[in-house]
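Biologist: I'd like to go through the ligand site and the empty spaces with you. Can we take each label and ask what earns it?

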Amino acid sequence: MALSFTRTRCDRTPAWAQLQAHFAASGSALDVRDAFASDAQRFARLSQEAPHVFADLSKNRIDATTEALLLDLARQSGLEAHRDAMFAGEKINHTEGRAVWHVLLRHPNKQPNWPVEQAQQAGAAIENIAIELPKVHATLDAMLAYAEAVRADESITDIVNIGIGGSDLGPQMAVLALQSFAHAGKRLHFVSNVDGHELAAVLPQLKAANTLFLIASKTFTTIETMTNARSAKAWFAAQGGTDVARHFAALTTNVAAAAEFGISTTFPFWDWVGGRYSLWSAIGLPVAIAIGAAGFRDLLAGAHAMDEHFRSAPLERNLPVRLGLLDVWYRNFHGFTSRSIAPYHSALRRVPAYLQQLEMESNGKRVDGQGQALPFDTSPVLWGEPGTNGQHAYFQMLHQGTDIVPVEFIAVKKPRHDLASHHSQLLANVLAQAQALMVGKSDAGGHKHFTGNRPSTFLLLDDLTPASLGALIALQEHRVFVTGSLWGINSFDQWGVELGKVLAKDIEPRLTSGDATGLDASTAGLLARLR
Ligand code: F6P
């Protein structure tokens with residue numbers, strides 16, 4: 001399949017060797033405290049506004065040379081053309097032959113100002129905007145009308161989203177994050193795990209007549225979701241429920257499978273929406289029910305503003321690009337293995353889990369786009385908890401442990417409660433943690449010594465709203481695109497999750513039969529104990 005662009009894997013660019021030399025000469029030893037002391041403009045230079053997000057990168061182990069070389073790396077690897085190909089709807093997910101077009105889901109209903117000529121001239125396979133955009137908006141309008149009808153229907157008090165991975169993490173994260181915008185009369189439940197404890201804990205809280213089940217699955221074949229959906233349907237029938245069309249809706253690209261399952265109320269999306277990028281599609285229906293149609297449109301608008309920033313801001317002031325380049329610097333030069341996400345807002349508590357799928361399922365790959373083993377490291381481990389809770393758990397290790405873990409703080413200026421003293425304590429803590437990591441404490445020896453020079457990035461929202469959340473999430477999506485693009489991998493497939501699914505299918509009947517033929521000794525031994 002023809003593509004309109006050429007990517008040069010980052011380690012094959014001249015800038016890569018220059019970065020290695022720079023790292024050896026001064027980059028590895030850079031002390032951020034000295035960098036501040038010698039550059040009064042450091043904060044101004046290394047912080048920036050992007051739509052809805054202010055970012056301070058100044059506490060990171062970079063200087064002007066590092067930034068300049070990383071920008072060269074981006075240019076030499078062909079990042080911009082790759083990005084433009086994504087916007088043009090080119091089938092850049094080449095191992096699945098699909099476009100990667102979540103940006104279209106948040107584009108207003110007017111012809112995008114995206115450069116498609118390059119792809120057309122190169123004869124690349126591209127999606128047709130004139131056909132797809134009207135479909136996107138027709139579905140969005142129908143889904144939002146449905147969300148409003150559910151909101152207005154007082155008889156529906158409980159909405160249960162049944163889905164897993166991208167069909168759970170995004171909507172769950174966003175519903176929690178936007179709880180201060182949520183309809184008070186609707187309880188939202190999320191059931192993802194095939195572990196029956198989850199569904200079994202939710203069902204007793206429900207009355208069939210007052211419940212709407214949303215079966216969210218891009219493929220409508222995912223075993224966990226199908227198992228939970230079948231059990232929910234059986235429970236509904238056992239409670240005397242008959243009107244499946246009213247009490248079940250499907251959010252899927254596989255409308256035929258949903259119909260076969262017996263669901264006629266369906267909101268579709270398309271194969272060019274990746275599961276972990278599907279919050280903006282029909283998969284967002286629980287969010288739309290929680291915050292309403294206008295709120296959901298604001299979420300899309302915030303993401304779209306970040307898309308425009310990513311597409312058009314010069315690389316040196318392009319926040320997703322700067323964050324992605326920093327990630328490459330830390331992973332491939334410093335060798336840092338993880339990044340800790342520290343949202344200082346309890347409503348953002350599912351953001352770390354959401355980002356785990358986004359980044360680790362996208363970039364947790366050991367081969368490049370041509371299937372060649374990579375000679376460098378890819379996705380770091382992402383992990384984290386809301387602050388200040390994390391401070392009383394694992395921050396000890398962040399401050400005094402042997403590993404350096406870059407921290408990404410996310411703070412929100414304006415609270416949506418009126419317990420003013422709490423918020424100033426929260427903000428004081430987030431500032432203090434970032435400061436302590438960097439400044440350290442050298443006037444005491446031994447156990448009380450803090451080495452400092454521990455890097456962190458600070459993302460600041462004025463207010464946590466649908467629009468700012470949309471922008472924050474789109475920022476993270478694009479930053480993952482940047483690192484995956486430089487690494488030369490396909491960030492949009494996930495073959496690594498397949499093997500376990502196949503093996504589980506083989507093992508399940510063995511739990512009944514006890515047949516251990518062909519199993520390794522450990523699996524056979526555990527199987528015997530589990531029977
Ligand atoms: O197994 C991984 C995965 O395919 C994710 O990429 C996806 O988000 C999740 O499963 C759920 O898939 P589906 O929406 O098709 O049920």
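Modeller: Sure, starting with Ser167: an oxygen atom of the ligand lies 2.6 Å from an N or O atom in its side chain. Keep in mind that this is a predicted model.

Biologist: What makes the pair of the ligand and Ser167 a polar contact?

Modeller: The cut-off for two N or O atoms is 3.5 Å. The ligand oxygen and the Ser167 side-chain atom are 2.6 Å apart, so the pair counts. Lys501 offers a side-chain N or O atom at 3.1 Å from a ligand oxygen, and for Gln357 the distance is 3.2 Å. Both values are within 3.5 Å, so these pairs count too. As for cover, the protein takes up 89% of the 390 Å² of accessible area that the ligand has on its own.

Biologist: Which residues around the ligand are the closest?

Modeller: Ser167, Ser217, Lys218, Thr219 and Thr222, out of 14 that surround it. To be in that shell, a residue needs a heavy atom within 4 Å of the ligand. By class, the shell has two nonpolar, nine polar and three charged residues.

Biologist: How do you know where the ligand sits?

Modeller: The test is that more than half of its atoms lie within 2 Å of the grid points of a space. The ligand sits in the largest pocket, so it passes that test there.

Biologist: What is the volume of the largest pocket, and which residues lie nearest its centre?

Modeller: Its volume is about 1,200 Å³. Thr222, Glu224, Val497, Glu498 and Lys501 lie nearest the centre, among 44 lining residues. Helix α20 (498-513) is one of the elements that supply at least two of them, along with α11 (223-238) and α16 (351-363). The largest share, nine residues, is from α20. The lining splits into 16 nonpolar, 17 polar and 11 charged residues.

Biologist: Why is another space called a cavity and not a pocket?

Modeller: Because a 1.4 Å probe fits in a cavity but cannot get out, whereas a pocket is open. Searching the whole structure gives three cavities of 30 Å³ or more, and the largest holds about 130 Å³ of space.

Biologist: What lines that largest cavity?

Modeller: There are 15 lining residues, with Leu326, Asp327, Tyr330, Arg339 and Pro406 nearest its centre. Two or more residues each come from α15 (319-334), β8 (338-344) and β10 (407-414). Helix α15 gives the largest share, five residues. By class, the lining has seven nonpolar, three polar and five charged residues.

Definitions and conventions
Residues are numbered from 1 along each chain as its sequence is written. This is a predicted model: local features need pLDDT of at least 70, side-chain atom pairs count only at pLDDT 80 or more; totals for chains, interfaces and linings use all residues. Side-chain values use heavy atoms; hydrogens and water are left out. A polar contact is a pair of N or O atoms within 3.5 Å; within protein, one must be able to donate a hydrogen and the other to accept it, and residues adjacent in sequence count only if both atoms are side-chain atoms. Accessible areas come from the Shrake-Rupley method with a 1.4 Å probe; for residues, only the protein chains shown count as cover. On a 1 Å grid over the protein atoms alone, a cavity is a set of points where a 1.4 Å probe fits but cannot get out, and a pocket is an open set with protein on both sides within 12 Å along at least five of seven lines; lining residues have an atom within 4 Å of a point. Ala, Val, Leu, Ile, Met, Phe, Trp, Tyr, Cys and Pro count as nonpolar, Asp, Glu, Lys and Arg as charged, and the others, Gly among them, as polar. Grid points are joined across faces, edges and corners, and a volume is the space filled by probe spheres set on the points. Helices (H or I, at least four residues) and strands (E, at least two) are DSSP runs, numbered from the N terminus.
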